[in-house]
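Before reading further, take a moment to look over the sequence and the structure displayed below. The report that follows goes through them step by step.

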Amino acid sequence: MSDPRHHGRRALVTGGSTGIGKAAVQRLAADGAAVVVNYIGPSGPADQLASEIADHGGTAVALEADVSNEQQVQQMFAQAADQLGGPIDLLVNNAGVEHPYELVDMPLEEWNRVISINLTGPYLCSRETARALRQANKPGTIVNVSSVHEHIPWRMFSHYCASKGGMKMFTETIAYELAPHGIRVLSVAPGAILTPINQNLIDDPKQRAAVESEIPIGRLGQPEEIASAISWLASGEAAYVTGTTLFVDGGMTLYPKFV
Ligand code: NAI
Ligand code: BGC
């Protein structure tokens, strides 16, 4: 354990077996938290991650739940509290999906799928976290993984942008509500990061170069660079930070093509 800043905390990372979520699980475990790796689908990668953390002296359990399903979310939080010995006090709402559609072609099912996973999921998980912490009269932190697209419009992704724009106001509003109860709520807004969600981009050198030309730092980000921001925001060093978004985007939101 290089840095025990989260020692004694109980974390849950949604979509925690891949990409940014996996890096967040690894970082929070290295920082001393006991971590729930939430996943959906085959259990292999989440189980493997949990056992790697155990091999390094940490504590992690893999729990399956569809974050958009109220019953599954409630069951997951009950299991987490049972298995870790108390309520989750560090929630990372990371699970998210995207798929391009022009508005005129977008099926309602696809709109609902993206909003349900990217926005309703964080609502359900935040509600469970806040209910348990308030009942136990304990402090905690909720970190939402938003996107530069809570701010930058993105053609073909109106559902995704609506979900992340909605997440911005959700973060701000519940931060206001929960501050008197010692619960801070933040968003981290990544730019373009090297994860499975960007596999098509990673596999296409021309498209990748075009995106990199829009990033002042000149490269895609690493998932660990988002995980370190999550860890800091959830730590006591950020005790006076709540209700805001930290952009970790290599400068993408500076609009390099503006002039
Ligand atoms: P990813 O595709 O590896 O991660 C998404 C995770 O969410 C996967 O583990 C997936 O299984 C899980 N998931 C999907 N539906 C779920 C459900 N119903 N219930 C529980 N889990 C579910 O991609 P990445 O990049 O790690 O994405 C993580 C978050 O980061 C997403 O919210 C995404 O919008 C956000 N993000 C990613 C950026 C990037 O460039 N990679 C940039 C900005 C934001
Ligand atoms: C998306 C990525 C995209 C990045 C920058 C993220 O929200 O998930 O696919 O590369 O924004 O546009």
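The sections below describe the surroundings of two ligands and then the nonpolar cores of the protein.

## The model

The structure is a predicted model, and the values given here were computed from it.

## Around ligand 1

Ligand 1 has 27 residues around it, and among these T18, N94, Y160, G191 and T195 come nearest. Several polar contacts can be followed from its oxygen atoms: one oxygen is 2.7 Å from an N or O atom in the side chain of T18, and an oxygen is 3.0 Å from an N or O atom in the side chain of K164. The backbone takes part too, since an N or O atom in the backbone of I193 lies 2.8 Å from an oxygen atom of ligand 1.

On its own, ligand 1 has 830 Å² of accessible area, of which the protein covers 91%. Two elements, α1 (19-30) and α5, give two or more residues to the surrounding shell. By residue type, that shell divides into 14 nonpolar, eleven polar and two charged residues.

## Around ligand 2

The residues that surround ligand 2 are E98, S147, H149, W154, Y160, G191, A192, I197, N198 and M252. They divide into five nonpolar, four polar and one charged.

Three side chains of this shell can be examined for their polar atoms. A polar side-chain atom of E98 lies 2.5 Å from an oxygen atom of ligand 2, while for Y160 the corresponding distance to an oxygen atom of the ligand is 2.6 Å. In the case of N198, an N or O atom of the side chain is 2.6 Å from an oxygen atom of ligand 2. Taken alone, ligand 2 exposes 310 Å², and the protein buries 89% of that area.

## The nonpolar cores

The largest nonpolar core consists of 29 residues, and those with the most contacts inside it are L12, V36, F77, I88, L91, I142 and L178. At least two residues of this core are supplied by each of β2 (34-39), β3 (60-64), α3 (70-84), α4 (108-136), α5 (158-178) and β6 (183-190), and α4 gives the most, with six residues.

What does L178 touch, if residues up to four places away in sequence are not counted? The residues it touches are A130, R134, I142, I183 and V185. Apart from the largest core, there is a second, separate core of 28 residues, which includes V37, A50, V92 and L233.

Definitions and conventions: Residues are numbered from 1 along each chain as its sequence is written. Chains are lettered from A and ligands numbered from 1 in the order in which they are written. This is a predicted model: local features need pLDDT of at least 70, side-chain atom pairs count only at pLDDT 80 or more; totals for chains, interfaces and linings use all residues. Side-chain values use heavy atoms; hydrogens and water are left out. A residue is near a molecule or strand if one of its heavy atoms lies within 4 Å of it. A polar contact is a pair of N or O atoms within 3.5 Å; within protein, one must be able to donate a hydrogen and the other to accept it, and residues adjacent in sequence count only if both atoms are side-chain atoms. Accessible areas come from the Shrake-Rupley method with a 1.4 Å probe; for residues, only the protein chains shown count as cover. Ala, Val, Leu, Ile, Met, Phe, Trp, Tyr, Cys and Pro count as nonpolar, Asp, Glu, Lys and Arg as charged, and the others, Gly among them, as polar. A nonpolar core is a set of buried Ala, Val, Leu, Ile, Met, Phe, Trp, Tyr and Cys residues joined through side-chain atoms within 4.5 Å. Buried means under 20% relative accessible area, exposed over 50%, partly exposed in between (1.4 Å probe, protein chains only). Helices (H or I, at least four residues) and strands (E, at least two) are DSSP runs, numbered from the N terminus. Contact means heavy atoms within 4.5 Å.
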